[in-house]
Amino acid sequence: MNIQISDLQGNKLSERAVTFDVIENARGTQAVKDTVVAHLAARRQGTRSAKTAGEVVGTNKKPWRQKGTGRARAGSFQSPLFVGGGVVFGPRPHDFSIKINGKVKKLALRKAISERLKSGDIVIVNELKLETPKTKAFITAFEPLK
């Protein structure tokens, strides 16, 4: 596999053959998928919540007596059956992060780099000289390389 070496104007100077163990051809696709899914899952906040019957503000007095009214038994207005009561099996805060082993992360990185090498997206610049250490100067210097 070859990497293009060019100057900051985008002129191709030479190519260099890459023959080291970073290149991953046969495996690693699933590792990349698992790593991306784990990264996106770890970004989720997981802070949504709903109050249960025990957390709702209100009295715990019985709304009406147990027998003789003709209505169903009721113990509290905090019950999920009443308006303003708690939520049954509502959302609770929790962590969505997924553990990825270190070797799988390294394999995913090697696979991602080798795919970028195959598509020709990686270019080596022979010399980098900027007048000022500014982001704007850096961006304008790399515009010809696309």
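In this predicted model, three strands come together in an open sheet, arranged in the order E2-E1-E3, and their pairing is mixed. Strand E2 (12-17) and strand E3 (123-125) are the edge strands, each of them pairing on one side only. From one strand to the next, the twist averages 30°.

The word "mixed" becomes clear when the two pairings are taken in turn. Strand E1 (residues 2-6) pairs with E2 in the antiparallel sense, over five bridges. E1 and E3, on the other hand, run parallel and are joined by three bridges. Several partners can be picked out by following E1 along the chain. Ile-3 stands opposite Arg-16 in E2, Gln-4 stands opposite Glu-15 in E2, and Ile-5 stands opposite Ser-14 in E2. Gln-4 also has a partner in E3, where it stands opposite Val-123. A helpful rule to keep in mind here is that side chains in a regular strand alternate between the two faces of the sheet.

E1 and E2 form a hairpin with five residues between the strands. Within this hairpin, Gly-10 takes a positive phi near 95°. Phe-89 has a positive phi too, of about 55°, although it is not a glycine. Why is that worth a second look? Most residues other than glycine have a negative phi. Phe-89 is found in the loop between H1 and H2, and it counts as exposed because its relative accessibility is 82%, where exposed means over 50%.

Stepping back to the whole chain, there are three helices and three strands. Read from the N terminus on, the elements follow the pattern β-β-α-α-β-α. The radius of gyration is 31 Å, well over the 15 Å that the globule rule gives for 146 residues, so the chain is more spread out than a compact globule. The C-alpha atoms fill a box of roughly 95 × 40 × 20 Å, taken along the principal axes. Of the 146 residues in the chain, 20% are buried.

The loop between helix H1 (29-43) and helix H2 (102-119) also holds Val-88. With a relative accessibility of 48%, Val-88 counts as partly exposed, because this value falls between the limits of 20% for buried and 50% for exposed. Val-88 and Thr-52 are 36 residues apart in sequence, and their C-alpha atoms are 6.5 Å apart in space.

A salt bridge links parts of this loop as well. The side chains of Arg-92 and Glu-55 meet at 3.1 Å, N to O. Both Arg-92 and Glu-55 lie in the loop between H1 and H2, so the pair ties together parts that are 37 residues apart in sequence. Arg-92 is partly exposed, with a relative accessible area of 36%, and Glu-55 is partly exposed at 37% relative accessibility.

How many salt bridges does a search of the whole structure find? The search finds six. Such contacts make sense in simple terms: side chains of opposite charge can pair when their charged atoms come close. One of these salt bridges joins Glu-15 to Lys-12, with the closest N and O atoms 2.9 Å apart. Glu-15, already met as the residue opposite Gln-4, is partly exposed, with a relative accessible area of 45%. In another salt bridge, the side chains of Lys-129 and Glu-127 meet at 3.3 Å, N to O. Lys-129 counts as exposed at 62% relative accessibility, whereas Glu-127 counts as partly exposed at 45%. Lys-111, Glu-115 and Lys-118 are linked in a network of salt bridges.

The surface also has a nonpolar patch, formed by Leu-128, Leu-130, Phe-138 and Ile-139. Together these residues have about 340 Å² of accessible area. Leu-130 lies in the loop between E3 and helix H3 (135-142). Is Leu-130 buried, partly exposed or exposed? Leu-130 counts as partly exposed because its relative accessibility is 31%.

Notes. Residues numbered from 1 in each chain as written. Predicted model: local features only at pLDDT ≥ 70, side-chain atom pairs only at ≥ 80, totals over all residues. Heavy atoms only, no water. Pairing = 2+ DSSP bridges. Helix = DSSP H or I, 4+ residues; strand = E, 2+ residues; numbered from the N terminus. Axes fitted to C-alpha atoms, helices over the stretch in contact; angles between N-to-C directions. Patch = residues over 30% accessible without salt bridge, like charges linked within 9 Å, V, L, I, M, F, W, Y side chains within 5 Å. Areas by Shrake-Rupley, 256 points an atom, 1.4 Å probe, with all protein chains shown as cover. Salt bridge = Lys/Arg side-chain N within 4 Å of Asp/Glu carboxyl O. Buried < 20%, exposed > 50% of the residue type's maximum accessible area, 1.4 Å probe, protein only. Rg over C-alpha atoms; globule rule 2.2 N^0.38 Å.
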